[in-house]
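Q: I would like to learn how to read some local features of a protein model. Could you take me through them one by one?

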Amino acid sequence: MKKVSALAVALLGVVTLGACGGGDDGGAMLEELGEGEGAVNLVAWAGYVEDGSTDPNVDWVSDFEAETGCEVNVKIGNSSDEMVELMQSGEYDAVSASGDATLRLIAGDDVVPVNTDLIPNYADVFEGLKNKPWNSVDGKAYGVPHGRGANLLVYNTEAGAAPTSIVDMFSPDSPYAGKISVYDSPIYIADAAIYLMATQPELGITNPYALDQAQFDAALAALETQKSIVGQYWALYTDQQAALENGSVTLGTTWQVIVNLAKANGAKIESTLHSEGATGWSDTWMVSSKAKHPNCAYMWLNHIISPQANAGVAEWFGEAPSNSKSCALTADPNHCATFHADDEDYFSKVYYWTTPTKECLDGRDVECVPYSEWVNAWNKLRA
Amino acid sequence: MGERLEQAPRVNDSGRNFAGRGKPRPAFALWGLLTAPLAWLVIVYVGSLALLVVSAFFSLDDFTGKPTTELTIGNISEAFTQGEYISLVVRSVAVAIAATLLCFTLAMPTAFYIARLASRRTRRALVVALILPLWTGYLVKAFALRAVLAPGSEYGDGGFMSGLVGWSPGFGYVAVTLTLAYLWFPYMLLPIYAGLERLPNSLLDASADLGAGSMRTFRLVMLPLLLPSIAAGSIFTFSLSLGDYITVKIVGGTAQMIGNIIERALLAPNQPLAAAFTLWPMMIMVAYLAVMGRAGAFKNL
């Protein structure tokens, strides 16, 4: 028995060392594009990588595969946290990361700078999206902008007039009480902060991701009150879709792609943007530091921001494309206008998902609540 | 009767003798046989459990979400002192106990009918019918119950139950308990059925001859003799229920159990905190096994 336990300890040591040893062998930026490796493994938001299996008319993967010989494998990430976790595994080549994941991935050496010279379509990307704090460090691009949009409100059209305010999501006297669906992620605390910006201006919140302790506590109190009117917290977009289809949810936070999918199945719903300003995203395709198929990953980055593919994904997911030439190619000629593709004034009211840090993002000289505490608070709220 | 019961260990003894007889180096052969499975058990099972306990003391790099080997008891104190988490653990244990009791209440009469009352042919058919669900996928069964329990509303029809009965418990802890009981029912039924089959008729006859009614016979004769079987069955239903987090996602609505909070912490990603949470079910299971061991759950292994 002694031998056995000695063996166990030895093995444990090896496993522990192995688990902690890796991480520093991050790859460098690609200098030259080589031959494709035959495959590429992606982590993406639902609806970003479509090969026609969801809807035969929605396909920007098949022609990519035919052109480059890179077979596309996709793993859907349901939240930014999940994407960070997946990218840490080192099994994937590229990721469509939102602003609340990008800096964490960069800081963790999980992604490498992207050589934009190897991505011809980068030239056509809206200038307003290039070299932003969430996709670059010291002027070095860490990825290519995919597109941007706002988190919307979805409502059942038979349940009454269209809601206009985020107050309907939080107020205990909301006409939708009991049938409200909330995105199940710590980043949703920012939505509560936007609600407080509108209803309790004396708190002085200017950026929903820069909350000091008092503001943070107020946001949690709002979420605690909201709990009694919530019918469902959705983590999987398919859960939200099913609830919209069977009518058990009549108001909720949503992405346009969920609305499209549910409407195709007959759900009587519409989406709208509330007047107070909303949380949103500006996504970036990034390349893993442990990419096993870096060439195919670069080809994918170039493809997904090509005018045609970017128009397709922007229209399917319901967001503004990043490629300025995409606007001429959308099936709905008004798509870019509807989603405010080059309307910087509109996007100034959208608070892109970003990772809260101790150092306040709005530049105040107080200590803000860091993201790890957002996670703990959200877990406790949901426990 | 006492003699009959005590025979079981003796059969084992002679079996061991038989296996050893005629082989030149029994110890060598034994180790040859056992090394591979033992190594597997130690490395994969004990090793990963030990790793889990160790990593509960690691700290987390706030920003990147990667564990660092700097030791801390912060995760443990977070998982074990916060009221929200303690209440979550209490709720999870309550669900596991409720599911176990429900399984027992349904399995007892069913097993009695099959083992004692049914004709030989019916018995075989019933045993097959009750084992059959074990060969069906977990997700298929959970989603089936989702389709049954879905609440109706003015904007949709809801599931079969609200369609047929006009009422359904909706998604929540009740639905979770019902689904778990449905999922693990065979694990409770089979040990009780096996125990009942071994129960000598003569004991029940004697009890009746001495004037005990059926309830009294059940309480004073059958239950004590079946206790090890019931305890064995309850270990399955309790541990499987306590650790479940997928059923909660499918039929739980806003409900959460320990498993969900572990998954949340893991995806956060906060691996050390997730490891700290896993100590809860580990401790509960050790305590539960100790109690069930006293009830004789391992006597028939």
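Q: Let us start with the backbone. Where is Asn131(A) found?
A: Keep in mind that this is a predicted model. Asn131(A) sits in the chain A loop between strand 4 (111–112) and strand 5 (136–137). Its phi is positive, about 50 degrees, although Asn131(A) is not a glycine.

Q: Is Asn131(A) buried, partly exposed or exposed?
A: Here a cut-off helps: buried is under 20% relative accessible area, exposed is over 50%, and partly exposed is in between. Asn131(A) counts as partly exposed because its relative accessibility is 45%.

Q: What is the phi of Asp138(A), and where does this residue lie?
A: Phi of Asp138(A) is near 50 degrees, a positive value in a residue other than glycine. Asp138(A) lies in the loop between strand 5 and strand 6 (140–141) of chain A. With 78% relative accessibility, Asp138(A) counts as exposed.

Q: Now the peptide bonds. Which residues does a cis peptide bond join?
A: Look at chain B, where Ala268(B) and Pro269(B) are joined by a cis peptide bond with omega of about -5 degrees. Pro269(B) is placed in the loop between helix 12 (258–267) and helix 13 (271–294) of chain B.

Q: On to disulfides. How many does a search of the whole structure find?
A: First the general idea: a disulfide is a covalent bond between the sulfur atoms of two cysteines. Over all chains, the search finds 3 disulfides. In Cys70(A) and Cys296(A), the sulfur atoms are 1.9 Å apart. This pair links distant parts of the chain, 226 residues apart: Cys70(A) is in the loop between helix 2 (62–68) and strand 2 (71–76) of chain A, and Cys296(A) is in helix 10 (residues 294–304) of chain A.

Q: Which handedness do the links have?
A: Read the angle about the S-S bond. Cys70(A) and Cys296(A) have -80 degrees, a left-handed link. The link of Cys327(A) and Cys336(A) is also left-handed, with -85 degrees, whereas that of Cys360(A) and Cys368(A) is right-handed, with 100 degrees.

Q: Why does Cys327(A) count as partly exposed?
A: Cys327(A) does so because its relative accessibility is 22%. Its partner in the disulfide, Cys336(A), counts as buried at 9%.

Q: Finally, which residues form a nonpolar patch on the surface?
A: Among them are Leu30(B), Trp31(B), Leu33(B) and Tyr45(B); together the patch residues have about 810 Å² of accessible area. Leu33(B) is in helix 2 (residues 26–55) of chain B, and counts as exposed at 65% relative accessibility.

Terms used: Residues are numbered from 1 along each chain as its sequence is written. Chains are lettered from A and ligands numbered from 1 in the order in which they are written. This is a predicted model: local features need pLDDT of at least 70, side-chain atom pairs count only at pLDDT 80 or more; totals for chains, interfaces and linings use all residues. Side-chain values use heavy atoms; hydrogens and water are left out. Helices (H or I, at least four residues) and strands (E, at least two) are DSSP runs, numbered from the N terminus. Buried means under 20% relative accessible area, exposed over 50%, partly exposed in between (1.4 Å probe, protein chains only). Patches are made of residues with over 30% relative accessible area and no salt bridge: like charges are joined within 9 Å, nonpolar side chains (Val, Leu, Ile, Met, Phe, Trp, Tyr) within 5 Å. Accessible areas come from the Shrake-Rupley method with a 1.4 Å probe; for residues, only the protein chains shown count as cover. A salt bridge is a side-chain nitrogen of Lys or Arg within 4 Å of a carboxyl oxygen of Asp or Glu. A disulfide is a pair of cysteine sulfur atoms within 2.5 Å.
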